[in-house]
Amino acid sequence: MEEPQGFFSTGDGCVGDTVTERCLVESKEPVSHVQLACGLWFCAFPLDGNELCVWSTKDPSYQPLTLRGHRQPITAVTFGNTGSPLLICSASQDYVMLWSLDECRQKVLLGLTPRGLVLGTLLGKVLYLRLSPDDRAAAVCAGNKIFMLDTESRSTLAVLEGHRGPVTAAEFCPWQTHIIISVSEDRSFKVWDHHAGSPLYSSAVLTASPLLSLHVDEKSQQLVAGCADGQLWVFSLVERHHYRCVTRVDLKKKRETFSRRVESRLCSLPVLFLEENRHPCAHGLEKGEDMEGSLPVLGLAPCDLSLLLSAECGCLPSESAPCLWVGSSSGLLILNLANFELEGVLRYKDFRSLSVQVAGSCAMMSKAGEQKAICLLTSMFGGQIAVLEIRLAALVRSRQGLGAGRSLSVLPRGCVLSTSPLHFRIAEEHRTPPAPQRRSAVRSTVQDQPLVFHGKVRSSGYATAPHDWHPPSSGPQGTFRSCGSAEPLVVATPSCPLVWWLRARPEAEPATDTARLGCSVTMFSPKTNTRNNGDSPSRRRGSHRCKEYPLESSPPTRLHKQRVLAHGPAAALCVQFSGDGRWLACGLANHLSLVFRADLTGTPAVFSGHDGAVSTVCWSHDGRWLLSTSLDGTPRVWSLRRAELVLCVGRDLFPKPIQSAQFYYLDAFILCSSGPELQLLKCHIDTSKDEIRRYKQRSRCRPVFRLPTAGPTEITSLSAVNDFYSYLVLTAGRDKTVEVFDLNAGRSAAVIAEAHSRPVHQICQNKGSSFTTQQYQVYNLFATTAIGDGIKLWDLRTLRCERRFEGHPNHGYPCGIAFSPCGRYVASGAEDRHAYVYEMGSSTFSHRLAGHTDTVAGVAFSPSAPQGDRRGDQTFAGGEREAQGVFFRVAACVIPFACWEPSCGERGRAESQGR
């Protein structure tokens, strides 16, 4: 046996700290467009046409092994899946041969010529080989057929026919070994049962370019197909999903976005840091250098970044997210299959010392738990074959630099600073009232006061037995129920909100301050013989105890009730449950806001006064007030009990109209967005009225702090936690950025550039509810959505996109999103008259809820109960708008409103509708 010519090691001459060319060999015959094999310990590739060369990646000094037996040029090579014995399969137009590496090595040491086992002859030009997980069968892709060969009996098990073009790749399903998936130049993929020799599924034509590569990921149960125009098609292989398309990834756009993010991050870093960490792949494109027209996907392979991502992201979804090597003619990319974002980019042209600048074929391998990867390349225009060693830590270093948000947390980590705008409330609460001054007897005169006569004078109640307060039960503004004895909930002081308790949240807040604080005060009680007819308040209170929301609840699947909101040209734009889960607010395009019972029964309370469509509705923490914003740019606060306006924030307070608003810091403030500024308002709500000047509003509001955004564009959405003390506020702008503000420090804390390809129209935080207890890390998750760009799940601590949800059609209208109280599901509206429910661990939807007749514009989960009961607590509600791309129709229409509840018996029917 002769040693291969042209082998040399380049271990001493490193190209850089990212990539090292371990070895290079010159072949007499061109080796482009052939299947290469890269395993855990060895690499295999054709040499000089009909020779098979095996090189050790574990020990570079290990003498390469050359195997001869083919008469025609070798076109495909693959390794077996069992470690002992390690098998190598090679194919040419004359033979398909199987080699045992251990036997071949022993024969070479004995001076004998190793011989391979011939599995098939004259099958045609073989483009791809793959051995089954147990190495008992080999799939040989020759022409438009797939030959299934038995490696033990050397017989043909089946011939799979159906493709109209040459089959370019085939993979076995790891969890169902009798299933094999193939892609072809006919631009489609097929699923086969090779035991029965019959097709199970055939896709439609996916793209205009041929499909070249294929990968089946066992962890996410997804199929990834790469085509010649640089597109990746991802499909779900979950049984109930029926091979639905998850997403389509444009690698060229992803790489451009990645380069812009890296460059923007480098511009914000100190010069000393740049000099110490300068490496070629972080600079993107050089000036005057054009990008490639396309990125043909030559190869796909799994990539293990669990150690790197877990060190950066802690313990949230990134550490278990599967990644994928994508090999193209111009470089290598690492794609995260959870968020479909690039984790690293390596361009061959950035490393001028590399022997191969344009690849004709490639194979990649990275061991689990190791920070190095091996890449086998062949030149497009010559006979060079190179083995590269890549340091994963250096490759993803630029991406890891985005994790500057580790210090950010929704839960406060310290006390309120004395210079903080949030300290305004503390100073007001602890202000000592001025001492009353004694008036002189001369000046002590009775001032004139308006005289008002009432028909009835209320008793002081001194001789009445103490009782709990129960308002009337007529109408939504008077229906309240007590929830029994209060257990501890979040007990935190505004100056240091770090103490946490757990209690059941009251279903609604009474009028008195004592009842609003959740405690019962017993006054002096003389002995009386007052009777209560056996209906004690404690008995009534115990019958309506609040139940804890189960964290393992199922998503809603069955339509429970439907309600007509308006008979006319009015669209439901937003919906929101109250914190106790008993009320449901809805904003309409006809300038009205409606408040229903959660079970959609009874007459709704109507709030009118806006001069434009109501865009957002928000409940206060105590459930007494409803805040609404409209296209007229004026936020308004309404009293739920009286069903009337108590505060209207005038336009003269702000330079630009208010786009969105919400209660903040346990109802101490109101957050507003006015153009490119974030406004913090301090409000005093007074529901008492002057008997003479009834038109005069006693509630007051004044701005106490404002903070401009990093960019000059206006804020499109904002989000902040109001159920407990939190210093952080999230905003989204029309420049596609997401900005995080720390109101304790009074400044911008972080900016996420190009969060979406289009402006974000909603930010939604995982706030949980008062009826659930989640892990404290989960509260740092938030979701953003943009028209035509799906939903992205972010981690506030690392400012990374952890997962991407796609599958709901949303191309022209801003559809809303919502988190479930258990934190396991994300719901979204869609333009196909359905609401979609996603599981946090999957990138495709799990359920599709039907029942609407138009675009679903808003969604909301009930915070108190996961399923319907006799009191009407529903899990999920959705509102819709008119179709035809406009807000109003000429003809009158009926706008329905629907609630869903989970049902195990009808879950199969809902899933069949979702398909």
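Guide: In this predicted model, a residue is called buried when its relative accessible area is under 20%, exposed when that value is over 50%, and partly exposed in between.

Visitor: Why is Tyr665 called buried?

Guide: The relative accessible area of Tyr665 is 0%, and the cut-off for buried is under 20%, so Tyr665 counts as buried. Its place is in the loop between strand S39 (658-664) and strand S40 (669-674), and its phi is near 60 degrees, a positive value in a residue other than glycine.

Visitor: What makes Asp48 partly exposed?

Guide: The relative accessibility of Asp48 is 25%, which falls between the 20% that bounds buried and the 50% that bounds exposed, and therefore Asp48 is classed as partly exposed. Asp48 belongs to the loop between strand S4 (42-47) and strand S5 (51-56), and, although not a glycine, it has a positive phi of about 55 degrees.

Visitor: How do you know whether Thr773 is buried, partly exposed or exposed?

Guide: Thr773 has 41% relative accessibility; since partly exposed covers the values between 20% and 50%, Thr773 is counted as partly exposed. It lies in the loop between strand S47 (760-765) and S48, and its C-alpha atom is separated by 8.9 Å from that of Glu548, although the two residues are 225 residues apart along the chain.

Visitor: Why is Gln222 counted as buried?

Guide: Its relative accessibility is 6%, and because buried means under 20%, Gln222 is placed in that class. Gln222 is found in strand S20 (residues 222-227), and, not counting residues up to four places away in sequence, the residues it touches include His215, Phe235, Leu337, Phe340 and Ser843.

Visitor: What makes strand S49 largely enclosed by the rest of the structure?

Guide: Five of the five residues of strand S49 (residues 791-795) are buried, which is why the strand is described as largely enclosed. Both of its faces are covered, with Ile791, Leu793 and Asp795 buried on one side and Lys792 and Trp794 buried on the other. In a regular strand the side chains alternate between the two faces of the sheet.

Visitor: How do you know that S49 pairs with S48 and with strand S50 (residues 800-805)?

Guide: At least two bridges are needed before two strands are said to pair; five bridges join S48 to S49, and five join S49 to S50, so both cases meet the cut-off. S49 runs antiparallel to S48 and also to S50. Thr785 stands opposite Ile791 in S49, and Asp795 stands opposite Arg800 in S50. S48 and S49 form a hairpin with four residues between them, where Gly788 in the turn has a positive phi of about 75 degrees; S49 and S50 likewise form a hairpin with four residues between them, where Leu799 in the turn has a positive phi of about 55 degrees.

Visitor: Why are S15 and strand S18 (198-202) said to stand at the edges of their sheet?

Guide: Each has a single partner strand, so one side of each is left without a neighbour in the sheet. The sheet is open and antiparallel, with its four strands in the order S15-S16-S17-S18, and the twist averages 25 degrees from one strand to the next. Within it, strand S16 (residues 176-184) and strand S17 (residues 189-193) pair over five bridges, and Val183 stands opposite Phe189 in S17.

Visitor: What makes a group of residues a nonpolar core, and which residues have the most contacts inside the largest one?

Guide: The members must be buried residues of certain kinds, Ile, Met, Phe and Leu among them, joined through side-chain atoms within 4.5 Å. The largest core has 30 residues, and those with the most contacts inside it are Ile146, Met148, Ile180, Ile181, Phe189 and Leu223. Strand S15 (residues 167-173) gives the most to this core, with five residues. A second, separate core of 26 residues includes Cys323, Leu346, Ala373 and Leu392.

Visitor: How confident is the predictor, and where does pLDDT stay under 50?

Guide: The protein chain averages a pLDDT of 77, and 72% of the residues score at least 70. The pLDDT is below 50 over residues 882-896, a stretch with 41 contacts in the model beyond near neighbours in sequence. It also stays under 50 over residues 437-446, for which the model has one contact beyond four places in sequence.

Notes:
Residues are numbered from 1 along each chain as its sequence is written. This is a predicted model: local features need pLDDT of at least 70, side-chain atom pairs count only at pLDDT 80 or more; totals for chains, interfaces and linings use all residues. Side-chain values use heavy atoms; hydrogens and water are left out. pLDDT is the predictor's confidence in each residue, from 0 to 100. Contact means heavy atoms within 4.5 Å. Buried means under 20% relative accessible area, exposed over 50%, partly exposed in between (1.4 Å probe, protein chains only). Helices (H or I, at least four residues) and strands (E, at least two) are DSSP runs, numbered from the N terminus. Axes are lines fitted to C-alpha atoms, for helices over the stretch in contact, and angles run from 0 to 180 degrees between N-to-C directions.
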